[in-house]
Amino acid sequence: MKTLALFVLPALLLIACRPEISPGEGSEDFAAFLDQRVPVLLERYRVPGAVVGIIGPDEPTVFRAYGLADLAARRPMAVDTVFRAESISKSATVRGVMRLVEEGELDLDRPVDSLFRKWSFPPSEYDTASITTGDILSNSAGLPLGTIGPAVEYAPGEVLPQLESFLTAEAVAIANPGESFIYSDAGYNLLQLLVEDILAEEEDGARTFDAYMEQAVLAPLGMDDSSFAWREEYIDRIATAYESDGTPVAPYQYAAMPSGGLFSTLPDLCRFVAAGSLAGETEPAGVLTRESLKAIYRPRVEIPGLFGFVADSYGYGHFIETLPDGSRAVWHGGQGHGWMTHFHLLPETGEGIVILTNSQRSWPLLAELLTAWGEWTGHGAPGFGVILPATRILWGAILLLYGSAFILLVRSVGELRSGGRIAALRSSDRRDRTRRLLQAAGGAALIALVAWRASLPYVFETSIFPTAIPWLAGALLTLGAVLLIGGTVAAATRDQTS
């Protein structure tokens, strides 16, 4: 019974009743709800810390900080703690690119290969000559995700690889442009070279991507704590990031900036998100016109696969989904080595939320907070909320696997102890022995599968289900061992008694 309780307890914790939040309450009321709820969730999911910003169309933005920015130093999380924004950087990069479009420096429909001064796409069987800037912005250029993880991480101050050489290795097409949605860091990183090549034609002004982004986007929005380049002042202000197993991650920067290189704070990112609002009839107060923002939010490509569970389509640098009440939401998340970030915005109303965490275990936490935010706004839970029922289903599968292993073990032991298995084997034919060997092979395959997944540097499922996946691995190993031992012993016993 104690063993069964250990299996059931995590599932019960996940489906426990949450404090209720009523739609229509003010931002401070929702912040009070967060004050009660978030510390519980941080402990449940073993996430060190988080900051949350609530953006309302008619109220001042509310900021909250919870937990720890550094576990070893017991440094508390603060509202102005610096984070790696990770792939939220893509949404910011789009603003900079669209500024060039508004100024007549760039045509989104022109093949991008003709815009590079010296670089061109590496050889490929696919039609790279037709790739446009618009294709890159919508993740439909046929370019791959690219390398992720420590292989493309560099310590602050470390010399970065030459940009053109890095892009030649990364931006090798895997499909024709316009055929499908392929989320691509490699594609977005091409925009750094594109922007810098365009800037090289100007007589004055910024010459590097990070300097241009500060001039064109960050400074106009008042994002004074944000930068695409590392600043020495960050060393005392940046949170310590943590892998899924709790291992701390030292600060790093990427070889290229547009896909995930932005350093920022909660207030700055809330300014960025709020500047994307289309509420009201006047021109937005941000760096782009209303028409440019509408172009960014226009669906460009439908999203298949796992991404399709949380979004309907992708625009330029934004996922797009329809909430349960029919409202349109745009959003982007970011996941890096020890970081997880997210924002959601309803452009037509100006309502938004920004969540930043310093742990790769944070997807369930994001799902909980986004679901609560959707309930509070009255629009319904965003697609990210699917993680919560999926987690409950996964716990059910884990219990089923453990139960199946237990039943098989009890039956096998009982038959062997009673002699029933030996008698059956004496009268069985070759088909029974084959079945037993297949059973053993299946058990060995399960064990090999778990071992292989454990050897990978990054496992996507572990980020989504950080608590459940270790239990699932244990359940599969247990079932695999029971099948392997049961099948092997049975087959060996038959040989001895035939």
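In this predicted model, helix α2 (residues 27-45) lies across strands β1 (49-55) and β2 (62-70). The helix runs at about 15° to β2. S27 belongs to helix α2. The relative accessible area of S27 is 1%. This residue is therefore buried, as the value falls under the 20% limit. Beyond its neighbours within four places in sequence, S27 contacts I54, E59, V62 and W376.

Strands β1 and β2 are part of an open sheet of nine strands. The strand order is β3-β2-β1-β15-β14-β13-β12-β11-β10, and the pairing is antiparallel. The edges are formed by β3 (75-76) and β10 (301-302). Each of these edge strands pairs on one side only. Within the sheet, β11 (residues 313-314) pairs with β12 (residues 319-322). Two bridges join them in the antiparallel sense. In this pair, S313 of β11 stands opposite I320 of β12.

The largest nonpolar core holds 142 residues. Of these, L34, L190 and V354 touch the most other members. Helix α10 (residues 363-377) supplies the largest share of this core, with nine residues. The surroundings of V354 can be listed in full, leaving out residues up to four places away in sequence. V354 touches V51, V52, G53 and I55. Its other contacts are L266, L269, C270, V273, H342 and F343.

How values were computed:
Residues are numbered from 1 along each chain as its sequence is written. This is a predicted model: local features need pLDDT of at least 70, side-chain atom pairs count only at pLDDT 80 or more; totals for chains, interfaces and linings use all residues. Side-chain values use heavy atoms; hydrogens and water are left out. A nonpolar core is a set of buried Ala, Val, Leu, Ile, Met, Phe, Trp, Tyr and Cys residues joined through side-chain atoms within 4.5 Å. Buried means under 20% relative accessible area, exposed over 50%, partly exposed in between (1.4 Å probe, protein chains only). Helices (H or I, at least four residues) and strands (E, at least two) are DSSP runs, numbered from the N terminus. Contact means heavy atoms within 4.5 Å. Two strands pair if DSSP finds at least two bridges between them. Axes are lines fitted to C-alpha atoms, for helices over the stretch in contact, and angles run from 0 to 180 degrees between N-to-C directions.
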